[in-house]
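Opening the notebook on a new model today. I want to go from the overall outline to the sheet, then on to one of the pockets.

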Amino acid sequence: MGDTGPHTRMWRNGRLEAAGFPPSELPERLREPGTVLWLDLCDPREEELEPVADALGLDPVAIEDAVSSHERTKLDHYRDYAFLNAYAPEVTGDEMVMHEVSAFVSDRMLVTVRQGTGFDVDALVRRWDGGPEPPGAPRTVLLLYGLLDMLIDLQLDAAQALDDEADALEDLIFDAEAAPGREIQRRGFRLRKDLAALRRVALPMREIVNALLRHPDRTVPEALVPYFQDVYDHALRVGESTDGLRDLVANLMDTRVAMQGNRLNEVMKKITSWAAIIAVPTAVTGWYGQNLPFPGYGKQWGLAVSVALIAGSIGALYAVFKIKDWL
């Protein structure tokens, strides 16, 4: 996982020249020609963003969005920079956690702001170092591509983890003895809740990447269009996965209700069948228990007839119910 930082890097003419320098040096390094800077902050206060705000001319509204939690997924274009807010989901066991990440993107600087240490900033740096570098591509756009690619890949991983959970839920539903009904209900509710949360943060990513590809100022140069198009395709996959999983989970829970109804019908058929079998000897013995003469009254063969009648009726009913698969 990422640490609390801060992290800094400087590129000059496409080459990495410095890393790990104090954030206080950012304004001076930004004045040097041909430099591109990256600053990463974890849980900053508004005053910690003042040097960056002065260097980039950040609006107070954008700064407030960056330090606030639970902002919606969005991409806002300002005069000299863009502000991105997105989420990196993480599924651990049976729990999904959202890690909020914001970014200010200008021509010569990228500032990432993390809410908490859940987002792995070291993995982001490794992705940058091993990522594509087409000739002439602006460094900040390459950094933005790496950030978006990682965020959407994490969302795709979360969708796959929820898909595996849906498969496990399906096994539980069709194996009635594997888990009690309360456990199935709890896991189904949690899965639907996680899918709704993932869908809420993942669907706007399609519009964000699409807006970057079609922005009038040509934010994404021609050399990087295929890379951003690939990110857009992954964002589409996340949306399709969440929609499909939502329908699947709804169908699974409906199937569980139908199976419960069928199981109840089977139980009622068995109870009714045994009640009918028990009713026959009850009727015979009740008839023979009346205080009035009947065929065979007071004779040995009368008892034999009653016993034969009971046994024959029970056997006949049992055979009929068994043939009909009621027992």
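Here are my entries, in the order I looked things up.

**Overall outline.** I note up front that this is a predicted model. I counted eight helices and seven strands in the protein. Then I checked how spread out the chain is: the radius of gyration is 35 Å, well over the 20 Å that the globule rule gives for 327 residues, so the protein is more spread out than a compact globule. The C-alpha trace spans about 125 × 40 × 30 Å along its principal axes.

**The sheet.** In what order do the seven strands sit in the sheet? I read off 2-1-3-7-6-5-4, and the sheet is open with mixed pairing. Strand 2 (15-19) and strand 4 (74-77) are the edge strands; each has a single partner strand, so one side of each has no neighbour in the sheet. Going from one strand to the next, the twist averages 20 degrees.

**The hairpin at the strand 2 edge.** I zoomed in on strand 1 (residues 7-12) and strand 2, which run antiparallel and are joined by four bridges. Which residue of strand 2 is the bridge partner of Met10? I found Ala18 there. The two strands make a hairpin with two residues between them. Asn13 is in that turn, and I wrote down its positive phi of about 50 degrees.

**Helices on the sheet.** Next I looked for what lies against the strands. Helix 3 (residues 60-67) lies across strand 4, strand 5 (82-92), strand 6 (95-105) and strand 7 (109-114). I get an angle of about 155 degrees between helix 3 and strand 6. Helix 6 (residues 181-213) also packs on the sheet, where it touches strand 4, strand 5 and strand 6. The direction of helix 6 makes about 25 degrees with that of strand 6.

**The second largest pocket.** I picked this one for a closer look and got a volume of about 290 Å³. Its lining has 14 residues, and those nearest the centre are His70, Tyr87, Met98, Arg200 and Val201. Which elements give two or more residues to this lining? Strand 6 and helix 6 do. Helix 6 provides the largest share, with four residues. By residue type, I sorted the lining of the second largest pocket into five nonpolar, five polar and four charged.

**Wrapping up.** Helix 6 turns up twice in my notes: it packs on the sheet, and it gives the largest share of the lining of the second largest pocket.

Methods: Residues are numbered from 1 along each chain as its sequence is written. This is a predicted model: local features need pLDDT of at least 70, side-chain atom pairs count only at pLDDT 80 or more; totals for chains, interfaces and linings use all residues. Side-chain values use heavy atoms; hydrogens and water are left out. Two strands pair if DSSP finds at least two bridges between them. Axes are lines fitted to C-alpha atoms, for helices over the stretch in contact, and angles run from 0 to 180 degrees between N-to-C directions. Contact means heavy atoms within 4.5 Å. On a 1 Å grid over the protein atoms alone, a cavity is a set of points where a 1.4 Å probe fits but cannot get out, and a pocket is an open set with protein on both sides within 12 Å along at least five of seven lines; lining residues have an atom within 4 Å of a point. Grid points are joined across faces, edges and corners, and a volume is the space filled by probe spheres set on the points. Ala, Val, Leu, Ile, Met, Phe, Trp, Tyr, Cys and Pro count as nonpolar, Asp, Glu, Lys and Arg as charged, and the others, Gly among them, as polar. The radius of gyration is taken over C-alpha atoms; the globule rule is 2.2 Å times the number of residues to the power 0.38.
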